[in-house]
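Hello,

Here is the structure I promised you. Please open it and keep it on screen while you read my notes below.

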Amino acid sequence: MNPLAQQLNKTLQAESPNVYAMLSDLGKAIYFPKEGILSQSAEAKTKATKFNATIGIATEGGQPMHLKVIQDTLSAYNPKDIYEYAPPAGKPELRAAWRTKMIKDNPSLESKGFGTPVVTNALTHGLSIVADLFANAGDAVIIPNKNWENYELTFGIRRGAEIVEYPLYNDQTRFNSAGLREALLAQKDKGKAIVVLNFPNNPTGYTPGPQEGDEIVAAIHDAAEAGINVVVVTDDAYFGLFFEDSMQESLFSKLADLHPRVLAVKVDGATKEEYVWGFRVGFITYGSTSAATLNALEQKTIGIIRATISSGPHPSQTFVLRALTSPEFEAQKAEKYDIMKRRANRVKSLLDSGRYGDVWGYYPFNSGYFMCLTLSGVTAESVRAHLLNQYGIGTIALGETDLRVAFSCIEEENLEELFDTIFKAVNDLIAQKV
C-alpha cells in the first residue's frame with residue numbers, strides 16, 4: 001500500500017477508528033499523490049516566475065490559448081476562469097461560497113463540525129465517490145422502496161453492495177422510521193451499514209416533518225448504540241424546494257456529530273437547486289469534529305476524483321460561483337421557488353378536488369420536482385404507454401401501480417389538462433377491459 005494511503009489510514013485509526021472501519025478496500029487504498037504532476041504544477045504556479053512548463057495547457061499572450069468563436073460567447077469571463085484546469089477538489093472560491101451557503105440554508109450547522117465541500121461532477125458522481133470509499137461487496141445499502149433507480153447501479157452493480165429496502169411510508173401517511181430502524185438493526189452481525197436519505201424524495205416528492213426527522217435520527221443513533229458503524233448519506237439533490245410544513249434543513253445538520261459510529265456525508269449541488277442541470281456541479285461534504293479526520297477523508301475523495309475524472313469542468317464552476325455571489329441571486333431564486341410551489345399546490349388542488357373519482361390515489365408529497373400516482377385496476381406501464389402513444393404525453397412507470405409525474409416541467413396553466421388526460425387514459429384502459 002502506498003505510504004500516503006498508509007498515513008491517511010493511520011490518521012483515521014487514531015482520530016476516528018469507527019470511520020476507518022467504514023472504509024471499503026478501495027477507500028483504504030486510495031490517496032491523493034503529493035509528488036505527481038498536479039502537486040509539481042501547483043508548486044511551479046507560485047514559484048516559476050520566468051517560464052512554467054509544467055501543466056498540459058497552451059498559453060498565448062499570458063492567457064490560456066482559446067478560440068475567438070468560443071470566447072465571443074463567454075466574453076463576460078476572464079479566460080483564466082474558464083479555460084484552465086480546475087483543481088481536483090474544485091475551485092477554492094466556489095468551495096468556500098458553497099460552505100457559506102450551506103450554513104445560511106441550515107443555520108444549525110453553524111455550531112457543528114464539518115468540512116469544506118469538495119466539488120463533484122454533479123450528484124451521481126458524489127454518490128459514486130461514497131460508494132467507492134465505503135462500499136465493499138456484500139455491504140448493506142439501506143434505502144426506502146420508493147427510490148431513485150441509479151442507487152442500484154451506483155452501489156449494487158458497480159460495488160457489489162446488497163440493496164436493502166424498507167417501505168418509505170408508514171400507513172401511507174408518514175415516513176416509516178420504524179422500518180428504517182429494523183433494516184439497520186438487521187445489520188448487527190455485519191457491524192456496518194450505509195444509509196441513503198433522499199429528501200425531497202425522488203420519485204414521490206416527500207419530505208418528512210420535523211418530528212419524523214427526529215425519529216430518523218433516533219433510529220440511526222440506536223443502530224450506532226447497538227455497535228453498528230453507519231455511513232449516512234443525505235442525497236440533497238432537491239434541497240430547498242419545501243412547499244409545506246416539513247423539515248426545512250438537511251438532516252446532515254443533525255447527523256454531523258451524532259455519534260462516533262456515525263459518519264454523515266452530504267451530497268448536494270447546484271444542479272437542481274440553482275436550475276443548472278447541464279452544468280454538472282455538485283459537492284460532497286463530510287461531518288466530523290476532528291479536523292484531521294476531515295482532511296483525511298477529503299484527501300481520499302480527491303484521490304478518487306484524480307483517478308476517475310481528474311477534475312471537474314472549470315467554466316461551470318465559474319458560472320455557479322458568479323451566481324452565488326451576485327446581489328440578484330436570492331431574489332431570482334425566490335422567484336423560481338414561487339413558480340415551483342404554485343405548480344405543486346395546483347397539482348394537489350386538482351387531485352383533492354374529487355374530479356378523478358377512485359381510479360387512483362397519490363402518495364403524500366410536499367416538496368421537490370415530482371409526485372406519484374398509485375393506480376387502481378390498470379398497470380402503470382400500460383397507462384404510460386397509452387399516454388405516450390395516444391396522447392403524446394410522457395410519464396414514468398415505476399413498478400405495477402406507480403406513475404411518476406414531474407410537475408416541475410409543466411407550466412401551471414397546463415397542469416389541469418395534463419391530469420385530465422391521464423384520467424382519460426386510465427379510463428380508456430379500464431373500458432378496454434370490460
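Start with two helices, α1 (residues 3-15) and α13 (residues 291-308). Their axes come within 9 Å. They cross at roughly 145 degrees, and the crossing of α1 and α13 is left-handed. Bear in mind that this is a predicted model.

Which residues make the contact? On the α1 side they are Ala5, Leu8, Asn9, Thr11, Leu12 and Glu15. On the α13 side they are Ala292, Thr293, Ala296, Leu297, Gln299 and Lys300. Sorted by character, the residues of this contact are 6 nonpolar, 4 polar and 2 charged.

Now go to the sheet. It is open and has 7 strands. Read across it, the order is β3-β11-β10-β9-β8-β4-β5. The pairing is mixed. Which strands sit at the edges? They are β3 (118-120) and β5 (162-166), and each pairs on one side only. From one strand to the next, the twist averages 25 degrees.

Take a look at the β5 end. There β5 pairs with β4 (residues 140-144). The two strands run in the parallel sense, and the pairing covers 5 bridges. To find your place, pick out valine 141: it stands opposite isoleucine 163 in β5.

Last, find helix α9 (residues 177-185). Which strands does α9 lie across? They are β4, β5, β8 (192-198) and β9 (229-235). Against β8, helix α9 runs at about 155 degrees.

Best wishes

Conventions. Residues are numbered from 1 along each chain as its sequence is written. This is a predicted model: local features need pLDDT of at least 70, side-chain atom pairs count only at pLDDT 80 or more; totals for chains, interfaces and linings use all residues. Side-chain values use heavy atoms; hydrogens and water are left out. Axes are lines fitted to C-alpha atoms, for helices over the stretch in contact, and angles run from 0 to 180 degrees between N-to-C directions. Helices (H or I, at least four residues) and strands (E, at least two) are DSSP runs, numbered from the N terminus. A crossing is left-handed if the near helix is turned anticlockwise from the far one by less than a right angle, and right-handed if clockwise. Contact means heavy atoms within 4.5 Å. Ala, Val, Leu, Ile, Met, Phe, Trp, Tyr, Cys and Pro count as nonpolar, Asp, Glu, Lys and Arg as charged, and the others, Gly among them, as polar. Two strands pair if DSSP finds at least two bridges between them.
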